Amino acid sequence: MDLAEMVKKVKCHPEFAKAGMVLCHNGVVRETAADGKTRVAGLTTTVDHTKLARVIEKHRRMPGIIEVAVEIAEGRRLAVGDDIMLMVVAGDVRGNVFDAMRSLLDEVKSTVVTKAEEKA
C-alpha cells in the first residue's frame, strides 16, 4: 500500500485535467477500540471485494468525481500504527470531493470491511 503511488495513478486518469482537488484518507490502527477505553494490540481485516468494486463504481458516478481509488490491508495482523485503508478521491470542486470521500469512507467501513480487534 502506497498512497503516493495511488495519487500518481489517479493523476493519470484521462479526464484528470478537470480535477481541482485530490483528497486522501489514510486510516491507521489506533491503540484503543471505538469505545476509547479498550486497549488494542492489533487487528485483522476481511474485505468483500465484490462489494468494494460496486462501492467504488458508485462513487465514481457522483457529481464532479473524476476518479476513486481504495486499498485495504488484509490477510495479515496489523499492529497499532499500521495503515489499514488508503483512499483517494479526485474531483472538480471541494464540495463534491468532500461529499464523495465522506460517503465512500462510511460505506466501505459499514459494508465492505470486517475488522477483528485483538485486545491488549
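Analyst: Buried means under 20% relative accessible area, exposed means over 50%, and partly exposed lies in between (1.4 Å probe, protein chains only). The structure is a predicted model, in which local features need pLDDT of at least 70 and side-chain atom pairs count only at pLDDT 80 or more, whereas totals for chains, interfaces and linings use all residues. Residues are numbered from 1 along each chain as its sequence is written, and side-chain values use heavy atoms, with hydrogens and water left out.

User: Is Glu67 buried or exposed?

Analyst: The relative accessible area of Glu67 is 16%. The limit for a buried residue is under 20%. Glu67 therefore counts as buried.

User: With which residue does the side chain of Glu67 meet in a salt bridge?

Analyst: A salt bridge is counted where a side-chain nitrogen of Lys or Arg lies within 4 Å of a carboxyl oxygen of Asp or Glu. For Glu67 the N to O distance is 2.5 Å, and the partner is partly exposed, at 32% relative accessible area. That partner is Arg60.

User: Which residues are joined with Glu67 into one network of salt bridges?

Analyst: Glu57 meets Arg60 at 3.6 Å, N to O, and Glu57 also meets Arg61 at 4.0 Å, N to O. Glu57 is partly exposed at 35% relative accessibility, while Arg61 is exposed, with a relative accessible area of 58%. Through shared partners, these salt bridges join Glu67 to Glu57, Arg60 and Arg61.

User: How are Glu57 and Arg60 separated along helix α2?

Analyst: Helices here are DSSP runs of H or I with at least four residues, strands are runs of E with at least two, and both are numbered from the N terminus. Glu57 and Arg60 are three residues apart in α2. An α-helix has 3.6 residues a turn, so residues three or four places apart point the same way. The separation of Glu57 and Arg60 is therefore about one helical turn.

User: How wide is the arc covered by the buried residues of α2?

Analyst: In α2, the buried residues are Leu52, Val55, Ile56 and His59. They lie on the same side of α2 because the arc they cover around the axis, taken from the directions from the helix axis to the C-beta atoms, is only 100 degrees.

User: What helps to cover the buried residues of α2?

Analyst: A contact requires heavy atoms within 4.5 Å. Two strands and one helix are included in the cover of the buried α2 residues: β2, β3 and α3.

User: What end-to-end distance does α3 reach, from its first C-alpha to its last?

Analyst: Helix α3 has 19 residues. The expected span of a helix is 1.5 Å times one less than its number of residues, and for α3 this gives 27 Å. The distance in the model is close to that expectation, at 25 Å.

User: Which element supplies the largest share of the largest nonpolar core?

Analyst: A nonpolar core is a set of buried Ala, Val, Leu, Ile, Met, Phe, Trp, Tyr and Cys residues joined through side-chain atoms within 4.5 Å. The largest one has 26 residues, of which Val70, Ile72 and Val108 touch the most other members. At least two residues of this core come from each of β1, β2, α2, β3, β5 and α3. The largest share, seven residues, comes from α3.

User: Which residues does Val108 touch, leaving aside those up to four places away in sequence?

Analyst: Val108 is one of the buried residues of α3. The buried residues of α3 pack against β1, β2, α2, β3, β5 and β6. With residues up to four places away in sequence left out, Val108 touches Leu52, Val55, Ile72, Met85, Met87 and Val113.

User: Which residue of β5 stands opposite Val70?

Analyst: β3 is mostly covered, with seven of its eight residues buried. β3 and β5 run antiparallel and are joined by seven bridges; strands count as paired if DSSP finds at least two bridges between them. Opposite Val70 in β5 stands Met87.

User: How far apart in space are Lys109 and His25, C-alpha to C-alpha?

Analyst: Lys109 lies in helix α3 and is partly exposed, at 46% relative accessibility. In sequence, Lys109 and His25 are 84 residues apart. In space, their C-alpha to C-alpha distance is 13 Å.
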